[in-house]
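Here are my notes on this one, point by point. Have the structure open next to you while you read.

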Amino acid sequence: MVRAGLLHHHDANPGQPFHESRTGLDHISFGVADRPSLHAWASWLDELGIEHSGVIDTDKPMPYSVVVFRDPDNIQLEIFCDAG
């Protein structure tokens, strides 16, 4: 099952062109069931030669783990799972 990711809010935009922290697409997140699935995705990205962040654990805005990478258009993509 694929879940929509967390939505981020950026406080100010005085009208500049697209940038991740301004108006437009910030990133797209896809959820996986558990941490082993997240590691499997990281391994698959390695096999494909795609640069990525490795598994990152964070607790803001909630506890979760994520792998971050970019598509050919440089849009940030994330694969994440809830902590626990």
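1. Which residue in E3 is the bridge partner of Ile56? Val66 takes that role. Keep in mind throughout that this is a predicted model. The link belongs to the E2 and E3 pairing, where 3 bridges join the two strands and the sense is antiparallel. Val66 also has a bridge partner in E4, namely Phe80.

2. Stepping back to the overall layout: the protein has 1 helix and 4 strands, and reading from the N terminus the elements go β-α-β-β-β. The 4 strands make an open sheet, ordered E1-E4-E3-E2, with mixed pairing. At the edges sit E1 (28–31) and E2 (56–58), each of which pairs on one side only. On average, neighbouring strands in this sheet are turned by 30° against each other, direction ignored.

3. Now the individual pairings. E3 (residues 64–70) and E4 (residues 76–82) pair over 7 bridges in the antiparallel sense. E1 and E4, on the other hand, are parallel, with 4 bridges between them. If you want a place to look in that parallel pair, try Ser29, whose bridge partner in E4 is Glu78.

4. The connections deserve a look too. E2 runs into E3 by a hairpin through 5 residues. Pro61 lies in the loop between these two strands, and the peptide bond leading from Lys60 to Pro61 is cis, with omega near 5°. If you plan to set up a calculation, that is a spot to find on screen before anything else. E3 and E4 form a hairpin as well, with 5 residues between them, and Asn74 in that turn has a positive phi of about 70°.

5. Where does the helix sit relative to the sheet? H1 lies across E2, E3 and E4, and runs at about 20° to E3. E3 itself is mostly covered, with 6 of its 7 residues buried. E1 shows an alternating pattern: Ser29 and Gly31 point to one face and are buried, whereas Ile28 and Phe30 point to the other face and are not.

6. On to the core. The largest nonpolar core has 9 residues: Val32, Leu38, Ala42, Leu45, Val67, Phe69, Leu77, Ile79 and Cys81. H1, E3 and E4 each supply at least two of them. For the protein as a whole, 25% of the 84 residues count as buried. The exposed surface comes to about 5,900 Å², and carbon and sulfur atoms supply 57% of that area.

7. Ala42 is a good residue for getting a feel for the packing. Its place is in helix H1 (residues 35–48). Is Ala42 buried or exposed? Its relative accessible area is 8%, so Ala42 counts as buried, the cut-off being under 20%. Leaving out residues up to four places away in sequence, Ala42 touches His52 and Val67. Ala42 and His52 are 10 residues apart in sequence, and their C-alpha atoms are 7.6 Å apart.

8. How many salt bridges does a search of the whole structure find? The search turns up 1. Arg35 pairs with Asp57, and the closest N and O atoms are 2.6 Å apart. Arg35 is in helix H1 and Asp57 is in strand E2, so the pair ties together parts that are 22 residues apart in sequence. With a relative accessibility of 33%, Arg35 counts as partly exposed.

9. Asp57 comes up again at the end of the chain. Ala83 is in the segment after E4, and the C-alpha atoms of Ala83 and Asp57 are separated by 8.3 Å, with their positions 26 residues apart along the chain. Beyond its neighbours up to four places away, Ala83 touches Pro63 and Tyr64. Ala83 counts as partly exposed, at 47% relative accessibility.

10. One last number for the overall picture: among contacts in the protein with a separation of 6 or more, 41% come from residues 24 or more positions apart.

Technical notes:
Residues numbered from 1 in each chain as written. Predicted model: local features only at pLDDT ≥ 70, side-chain atom pairs only at ≥ 80, totals over all residues. Heavy atoms only, no water. Buried < 20%, exposed > 50% of the residue type's maximum accessible area, 1.4 Å probe, protein only. Contact = heavy atoms within 4.5 Å. Pairing = 2+ DSSP bridges. Axes fitted to C-alpha atoms, helices over the stretch in contact; angles between N-to-C directions. Salt bridge = Lys/Arg side-chain N within 4 Å of Asp/Glu carboxyl O. Areas by Shrake-Rupley, 256 points an atom, 1.4 Å probe, with all protein chains shown as cover. Core = buried A, V, L, I, M, F, W, Y, C linked by side-chain atoms within 4.5 Å.
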